[in-house]
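Let's walk through this one together, a question at a time. Have a look at the structure first.

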Amino acid sequence: MKGSRCLHQLKSLRLLSHAGRLLPPAAGDNGALFRPRSSSQLGGLQCAQREVLRHFHSSPACTKGQPARFVQEEDKTRDKSLVTHDDLFEQVAKEAKTKATFNKVIDVYTKGDIRRRGHVEFIYAALKKMPEFGVEKDLTVYNKLLDVFPKEVFVPRNFIQRMFNHYPRQQECGVQVLEQMENYGIMPNIETKVLLVQIFGEKTHPMRKYQRIMYWFPKFKHVNPFPIPEQLPEDPVDLARFSLTRMANDWDAKVTVYQLPCTDVTESGAEVTLPHIVGIQSPGQMEALAKHNPDRPVFVEGPFPLWMRKTCVYYYVLRADPTPPEEKIEEPYDPERCLSYPLQLDLDLDRDLGDDESFDVEDLDEGPVFAMCMTSQGDQATLNQWISGLQESNPILGQIPTLFRLGAGPRELQGVGDADSASRSWFPSHVQREEAHPGEEAEAVVEEAEAVVEEAEAVVEEEPRRSQGVKQ
Amino acid sequence: MSLLRITHLPSGRLLSAILHHQRLLPSIIPLTVPKRAVIQGEYKRPGQPRKAKFPWKKINFNFSKGLEGIKKHFTLLKKEFTDRWVGPEGKPIVEHMLEQNRAVWEFRGPESLGEWTVSSDREIGGHSEAYLKLGRNNNTCFLYGTLSSTPPRDGETRYSGYCTMRSKQPLASFDRKKHHDWSSFNTLHLRVRGDGRPWMINISAETYFSHQKDDIYCYFLYTRGGPYWQDVKIPFSKFFLTHRGRIQDDQHPVWLDKVNTIGFTLGDKADGPFQLEIDFIGVCKDYAHTEEFAYEAYKRNPEV
């Protein structure tokens with residue numbers, strides 16, 4: 001690899017450079033001390049090519065190629081007032097905050113002083129400003145930042161220097177750059193390694209940190225059994241589709257888009273935004289719903305949070321209470337359902353004495369889940385729409401009473417910080433209910449309203465203080 | 001990777017030669033490495049005064065509580081004596097030897113919540129919250145709250161935003177430390193229902209030296225989210241050694257004969273509400289798993 005060849009060349013050239021450094025800086029010498037000697041030989045590396053030959057005694061303003069807007073900075077430095085490195089970034093920040101402007105600030109700094117005075121403070125300021133400029137996940141920017149360090153000055157030259165933490169501030173600064181890379185999960189590359197060797201040498205703290213990153217990151221890169229792509233889909237319908245398939249964990253589950261988001265203008269001129277409604281149901285769930293006893297109600301519960309990296313989406317669930325044991329009928333497997341292999345085997349597979357692979361824990365039966373949906377607006381009207389959409393494929397929903405157990409809306413969830421936060425919960429046992437709106441909309445579903453309400457209240461053991469929204 | 005980012009604690013591996021604190025401009029991250037004590041004591045929150053409480057003032061003289069305490073401890077003592085006649089750890093020896101699964105923590109009532117300690121970065125001045133209660137039907141434990149990664153303004157802490165639930169150290173009679181003995185098992189089996197956030201499981205074992213007090217063996221717990229329960233099986237060979245949130249170079253497998261506590265930590269830098277529901281935590285013996293340790297042994301001076 002080109003990089004490793006660079007390393008070998010560096011090692012051989014360092015012996016030459018040691019001889020070179022003993023020469024005092026002559027007036028005519030163009031500050032070449034701080035240019036890596038091997039720059040001419042390592043043509044492929046970015047870092048080497050950006051070094052600018054500067055005359056030792058000439059003023060910075062004479063340098064070609066500096067844009068005019070930084071002239072005011074030169075005036076400032078001539079004022080000899082204290083200017084923090086943050087100000088450099090803040091000045092540029094008044095324009096666009098992009099990678100290009102960030103790189104420009106670094107260039108201004110590196111070309112400003114051949115000795116790179118205050119480079120540690122500059123690098124710390126740059127690390128702090130990276131998220132504002134949006135470059136915190138960019139490896140090239142980190143390499144460019146590491147390039148700010150003068151090369152070969154901090155490399156320990158004998159065993160005493162190696163023992164005694166040579167240039168500790170700079171080493172700590174290098175470690176902090178790598179730590180920010182580690183925080184954002186960015187894997188360094190060979191260029192980082194070459195830079196670290198040039199700047200600090202081998203067997204120093206930044207190099208050890210680099211080795212640790214290179215050891216542990218590959219080990220933990222694929223440790224997530226449910227990986228999430230770096231870039232989640234922007235479109236809410238696509239995002240809902242992705243997250244529903246993720247939760248459903250069933251290849252046969254089918255995603256249906258019941259409504260696409262659109263903005264309608266009604267006759268009165270008011271804008272009505274229709275939210276998207278995306279639902280998912282698998283054939284197994286459809287069968288289970290078809291076999292569901294119409295006397296027992298089903299519940300629409302939600303919203304429940306689902307986090308994917310830094311985005312949180314909310315989903316709603318259609319489920320029923322578990323059937324009491326006396327009503328459970330175990331249907332025998334229909335042998336004609338699958339002709340390639342028998343679904344039920346009556347073999348006496350006695351395991352070894354004491355071989356028990358199951359836990360002695362009572363099985364939690366929380367009731368079947370029939371369908372899930374995601375929508376941006378989680379009020380009863382939208383969920384009613386979802387249920388009516390579901391009814392097209394599950395006609396039994398017309399006879400089953402549907403109760404809505406909706407919790408606090410997503411917007412209220414962000415502001416959890418008051419004293420009541422302890423009482424809030426996502427699950428219906430302690431949830432605040434929406435008030436019932438009887439007869440708010442005429443639904444296509446036909447139901448016996450009062451009889452159903454009585455049955456529901458008798459059947460469902462809930463505390464009387466809770467109000468139930470009954471679909472009419 | 002998102003390990004616990006408590007870097008306000010002294011990173012002892014670095015820069016022991018720094019003794020001067022440079023007064024840098026406030027916009028720059030200050031690098032104060034405090035003097036390390038010879039014995040690492042309790043964590044002292046930065047800015048808190050050292051409260052000098054006389055040892056006799058710490059004892060609480062309360063008659064009814066004292067009576068309860070005596071009753072509790074003597075019951076435990078009696079149980080310990082009689083258990084020895086039944087078998088090791090109170091189980092018949094056949095059961096102890098052939099045991100393949102053991103549900104160590106099951107949340108079947110409010111008293112099971114008393115075995116756990118919940119904390120968040122509120123202790124160091126942060127703004128996260130974490131609460132623990134019983135889940136639906138009193139059958140599960142429900143850990144919920146909000147994460148906030150704004151670091152506390154004490155000048156030292158740089159990252160924040162974590163919450164954790166840790167089991168209490170099992171105690172024998174008279175508050176003597178007891179340990180979990182999981183030497184005949186090799187896998188941790190959990191039944192959880194999360195919201196898609198990545199958690200970290202921390203196992204803390206009994207150590208000898210005081211410097212090893214914060215040695216924790218960690219592994220990731222990735223939840224899928226959704227309404228379905230998730231069975232998670234993690235072999236103990238996958239747990240790596242960390243100290244105060246930093247992964248160590250010298251790795252070795254967790255010694256299962258004296259396990260003190262298990263804990264769950266969330267620190268994934270995503271601000272917002274979180275929830276985790278746990279049905280049970282058990283250990284089992286997976287005969288198909290023959291790996292002893294997933295990470296390589298330490299080489300003292302690895303070449304670059």
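Q: Which residue of chain A does Arg246(B) form a salt bridge with?
A: A salt bridge here is a side-chain nitrogen of Lys or Arg within 4 Å of a carboxyl oxygen of Asp or Glu. For Arg246(B), the closest N and O atoms are 3.1 Å apart. The partner is Glu179(A).

Before going on, a note: this is a predicted model, where local features need pLDDT of at least 70, side-chain atom pairs count only at pLDDT 80 or more, and totals for chains, interfaces and linings use all residues. Residues are numbered from 1 along each chain as its sequence is written, chains are lettered from A and ligands numbered from 1 in the order written, and side-chain values use heavy atoms, leaving out hydrogens and water.

Q: Which element gives the most to the side of chain A that touches chain B?
A: Helices (H or I, at least four residues) and strands (E, at least two) are DSSP runs, numbered from the N terminus. Elements giving two or more residues to that side include helix H9 (168–183) and helix H11 (205–220) of chain A. With 11 residues, the top contributor is H11(A).

Q: Which strands stand at the edges of the open sheet in chain B?
A: Strands count as paired if DSSP finds at least two bridges between them. The sheet has 7 strands, running E2-E5-E12-E7-E8-E10-E11 with antiparallel pairing. Two of them have a single partner strand each, so one side of each is left without a neighbour in the sheet: E2 (116–120) and E11 (246–247).
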